[in-house]
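Biologist: I would like to learn how to read the features of a model like this one, step by step. Could we begin with the terms?

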Amino acid sequence: MSQAKRVTTRTLQEMKEKGERIAALTAYDAIMGNLFDRAGIDVILVGDSVANVVQGHETTLPVTLDEIIYHTKAVTRGVERAMVVADLPFMSFQISADDAFRNAGRIMKETLAGAVKLEGGKENLESVRRMTAAGIPVMGHLGLQPQSIHLYGGYRPRGKEEEEADMIVADAMALQEAGAFCIVLEKIPADLASQVTSSLTIPTIGIGAGAGCDGQILVYADMLGLTIDFHPRFVRRYDSFAERALNAAGQYAADVKDGTFPNEDESY
Ligand code: KIV
């Protein structure tokens, strides 16, 4: 049995109360989930960004609920301490509260996830209430909502105009009242994110939302420098994995071709 104390909704709430920042990353498989868990990441999100990072799609829309379940099962096998959160993908929660409830229930029943996440505000309140009442922790997601990319017409920051900023504040309050335990704030002005964070009792986790949130999340492939042509301002690259993988694979190919791999020590 594991000795690691699992991160729960309560842990995150206490972290906010003590002013301890929450470190979150995405992961889509056991090997990365395990590394990030060992590194002390508190929340691991099996994001619908799996569509971009793993499946090679341009948007997050194509990923299915079955695929999220598959990836969440893989991640949870590698994770002992972090809370694993599974994203509800496009069209798994928008049709009706019944549908959303059933699909969130499938995630909780078929994987070892500790929570689900869904994009949107007021339109989801009934779903959030029903999930919470049934014991399913819900993480909200406001600001830039990648599932609505065709409606927005691009990935520009949200909440720059007063009307939209007010809506984000109101949605955040409404999600909290409906029972959400945490809210992701994506690509909104830092001042607005700080305002939302200080008006809520539940934690916020920002991505491109400045330092005033209770925690931060990045897509792991961006943070490790695996994505070659994606350099948004909000990503800090902590490594250059793409370059290192290219060099390593190139060296391996050269060694195979000139016969220096495998050598005697690498043979039976
Ligand atoms: O799918 C995802 O990776 C996300 C994060 C950007 C928060 O929703």
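Modeller: Two strands are said to pair if DSSP finds at least two bridges between them, and the elements themselves are DSSP runs numbered from the N terminus, helices being H or I of at least four residues and strands E of at least two. This is a predicted model, in which local features need pLDDT of at least 70 and side-chain atom pairs count only at pLDDT 80 or more, while totals for chains, interfaces and linings use all residues. Residues are numbered from 1 along each chain as its sequence is written, and side-chain values use heavy atoms, with hydrogens and water left out.

Biologist: In which sense do β1 and β8 pair, and over how many bridges?

Modeller: Strand β1 (residues 22-26) and strand β8 (residues 215-218) run parallel and share four bridges, with Ala24 standing opposite Ile217. Strand β8 also pairs with β7 (residues 204-207), again in the parallel sense, over two bridges, and there Ile205 faces Gly215.

Biologist: What do the strands form as a whole?

Modeller: They form a closed barrel of eight strands, in the order β1-β2-β3-β4-β5-β6-β7-β8, with parallel pairing. Neighbouring strands of this sheet are turned by 25 degrees against each other on average, direction ignored; axes here are lines fitted to C-alpha atoms, for helices over the stretch in contact, and angles run from 0 to 180 degrees between N-to-C directions.

Biologist: Which helix lies across β3 and β4?

Modeller: Contact means heavy atoms within 4.5 Å. Helix α5 (residues 97-110) lies across both strands and runs at about 150 degrees to β4. Beneath that description, β3 (residues 83-87) and β4 (residues 115-119) pair in the parallel sense over three bridges, and Ala86 has Val116 as its bridge partner in β4.

Biologist: Which side chains make polar contacts with the ligand, and at what distances?

Modeller: A polar contact is a pair of N or O atoms within 3.5 Å; within protein, one must be able to donate a hydrogen and the other to accept it, and residues adjacent in sequence count only if both atoms are side-chain atoms. Oxygen atoms of the ligand lie 2.5 Å from a side-chain N or O atom of Ser49, 3.3 Å from one of Asp87 and 3.0 Å from a polar side-chain atom of Lys117. The protein covers 96% of the 260 Å² of accessible area that the ligand has on its own, by the Shrake-Rupley method with a 1.4 Å probe, where for residues only the protein chains shown count as cover.

Biologist: Where should I look for unusual backbone geometry?

Modeller: Most residues other than glycine have a negative phi, and most peptide bonds are trans. Met91, in the loop between β3 and α5, has a positive phi near 75 degrees, whereas a cis peptide bond with omega about -5 degrees joins Phe261 and Pro262.
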